[in-house]
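Open the model in your viewer and keep the selection tool ready. This tour goes stop by stop: what to select, and what is there.

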Amino acid sequence: MRIRSFDKGKAILFLVATPIGNLADMTFRAVEVLKNADKIYAEDTRNSLVLLKHYNISSKLESYHEFNQELKSEQILNELKSGMKLAIISDAGLPVISDPGFKLVQMAIENDIAVSTIPGASAGISALIASGLAPMPYTFYGFLDAKASKRKQELEELKYVSHTLIFYEAPHRIEDTLADLLAIFGNRQIVLARELTKTFEEYARGTIEEIQSILPLKGEMVLLVDGCKEEIILDDPCKKIDELIALGYKPNEAIKEVAKAMHTNKNELYQTYLLYKNKK
């Protein structure tokens with residue numbers, strides 16, 4: 001499937017980046033696109049109005065968030081089918097990432113409607129390049145689950161990833177998240193970036209325990225975690241597979257994670273595990 005983004009007179013869905021803190025970070029092109037859009041859909045219209053007023057953008061504004069996206073997605077698709085040029089923005093940074101919009105993008109593509117990004121600020125990448133941790137490769141994870149049991153399972157799945165991990169975290173959960181990280185990852189090097197581009201921007205760099213010692217902290221946070229650097233040696237890989245299955249992993253997922261940790265072939269480990277289960 002090939003869809004040209006800028007065929008004159010055709011509908012298009014713009015995904016427009018907005019500042020992550022400092023209003024001056026808005027791009028000239030983003031302002032132009034929003035001014036010329038038939039309608040703007042925003043995660044929180046109250047927050048977005050501040051930005052739009054600052055740049056004298058008077059395009060019609062409606063809400064599009066996680067609680068109304070099922071209803072609004074059909075409406076937006078119908079508007080696109082009628083030939084409208086629409087823009088999606090989030091409270092800060094790039095839309096779709098840790099925000100609603102993914103389903104809408106899929107729906108637009110399925111209906112041969114152009115989707116185009118108006119690039120700009122991204123909190124995760126902005127924090128990564130200033131963190132001092134390895135910038136490539138990296139895994140952007142977004143928000144960990146708010147429930148402790150699910151969060152621990154997510155961290156178990158990421159424990160052996162060898163490259164930099166990027167998370168978003170809320171200040172009221174950071175203490176619990178760091179405690180879980182310490183228990184599962186060990187006292188690894190991390191960077192906590194908060195209030196990016198704002199007056200009180202700060203990067204706290206150190207081990208997990210060192211960062212725990214300066215809590216509590218306020219503001220929106222990006223948490224970056226150094227990747228696993230040591231080869232993991234397991235005395236009983238089959239027992240570890242059973243442990244992961246008990247945590248809720250599917251058998252194939254558990255075998256894949258243990259194989260990754262041991263730097264061994266997952267198909268060979270699968271055969272070893274089958275023999276182990278047959279002997280039990």
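Which residues line the second largest cavity? Select Glu156, Glu157, Lys159, Tyr160, Lys240, Leu244, Tyr249 and Glu257; these residues make up the lining. Keep in mind that this is a predicted model.

**Stop 1: the second largest cavity**

The volume here is about 30 Å³. H6 and H9 each give two or more residues to the lining. Colour the lining by class: three residues are nonpolar, none is polar and five are charged.

**Stop 2: H6 against H7**

Stay with H6 and show residues 148-158. Add helix H7, residues 174-185. The two helices pack at an angle of about 40°, and their axes are 10 Å apart. H6 and H7 are therefore oblique to each other. The crossing of H6 over H7 is right-handed. On the H6 side, select Arg151, Lys152, Leu155, Glu156 and Leu158. On the H7 side, select Asp176, Thr177, Asp180, Leu181, Ile184 and Phe185. This contact holds five nonpolar residues, one polar residue and five charged residues. Glu156 belongs to this contact, and Glu156 also lines the cavity of the previous stop.

**Stop 3: H9 against H10**

Now show helix H9, residues 237-246, with helix H10, residues 251-262. Their packing angle is about 135°, with the axes 9 Å apart. That makes H9 oblique to H10. H9 and H10 cross in a right-handed way. From H9, pick Pro237, Lys240, Ile241, Leu244 and Ile245. From H10, pick Pro251, Ala254, Ile255, Glu257, Val258 and Met262. What classes make up the contact of H9 with H10? Nine residues are nonpolar, none is polar and two are charged. Lys240, Leu244 and Glu257 are part of this contact; Lys240, Leu244 and Glu257 also line the second largest cavity.

**Stop 4: H10 against H11**

Keep H10 on screen and add helix H11, residues 266-279. H10 and H11 pack at about 120°, with axes 9 Å apart. H10 and H11 are therefore oblique to each other. H10 passes H11 in a right-handed crossing. Select Asn252, Ile255, Val258 and Ala259 on H10. Then select Lys266, Leu269, Tyr270 and Tyr273 on H11. The contact has six nonpolar residues, one polar and one charged. Ile255 and Val258 of H10 take part here, and Ile255 and Val258 also touch H9.

**Stop 5: the largest cavity**

How many cavities of 30 Å³ or more does a search of the whole structure find? The search finds two. You have seen one; now turn to the other. The largest cavity has a volume of about 50 Å³. Select its lining: Tyr41, Ala42, Glu43, Tyr64, Ile88, Ile89, Ser90, Pro95, Val96, Asp99 and Pro100. Strand E2 (39-42) and strand E4 (85-89) each supply at least two of these residues. By class, eight are nonpolar, one is polar and two are charged.

**Stop 6: serine 98**

Next, select serine 98. This serine sits in the loop between E4 and helix H4 (102-110). Its phi is near 60°, a positive value in a residue other than glycine.

**Stop 7: the largest pocket**

Switch from cavities to pockets. The largest pocket holds about 750 Å³ of space. It is lined by 31 residues, and Ile20, Asp91, Ala92, Gly93 and Glu220 are the closest to its centre. Helix H2 (45-54), strand E7 (164-169) and strand E10 (221-225) are the elements that give two or more residues to the lining. Which element gives the largest share? H2 does, with four residues. Colour the lining by class to find 16 nonpolar, eight polar and seven charged residues.

**Stop 8: two cis peptide bonds**

Start with methionine 136 and proline 137. The peptide bond that joins them is cis, with omega about -15°. Look for proline 137 in the loop between helix H5 (123-131) and strand E6 (138-143).

Then go to leucine 215 and proline 216. The peptide bond from leucine 215 to proline 216 is also cis, with omega near 5°. Proline 216 lies in the loop between helix H8 (208-212) and E10. E10 is also one of the elements lining the largest pocket, so to speak a familiar strand by now.

Technical notes:
Residues numbered from 1 in each chain as written. Predicted model: local features only at pLDDT ≥ 70, side-chain atom pairs only at ≥ 80, totals over all residues. Heavy atoms only, no water. 1 Å grid on protein atoms, 1.4 Å probe; cavity = no way out; pocket = protein on both sides within 12 Å on 5 of 7 lines; lining within 4 Å. Points joined across faces, edges and corners; volume = space filled by probe spheres on them. Nonpolar A, V, L, I, M, F, W, Y, C, P; charged D, E, K, R; others polar. Axes fitted to C-alpha atoms, helices over the stretch in contact; angles between N-to-C directions. Parallel < 35°, antiparallel > 145°, perpendicular 65-115°, else oblique. Left-handed = near helix turned anticlockwise from the far one by under 90°. Contact = heavy atoms within 4.5 Å.
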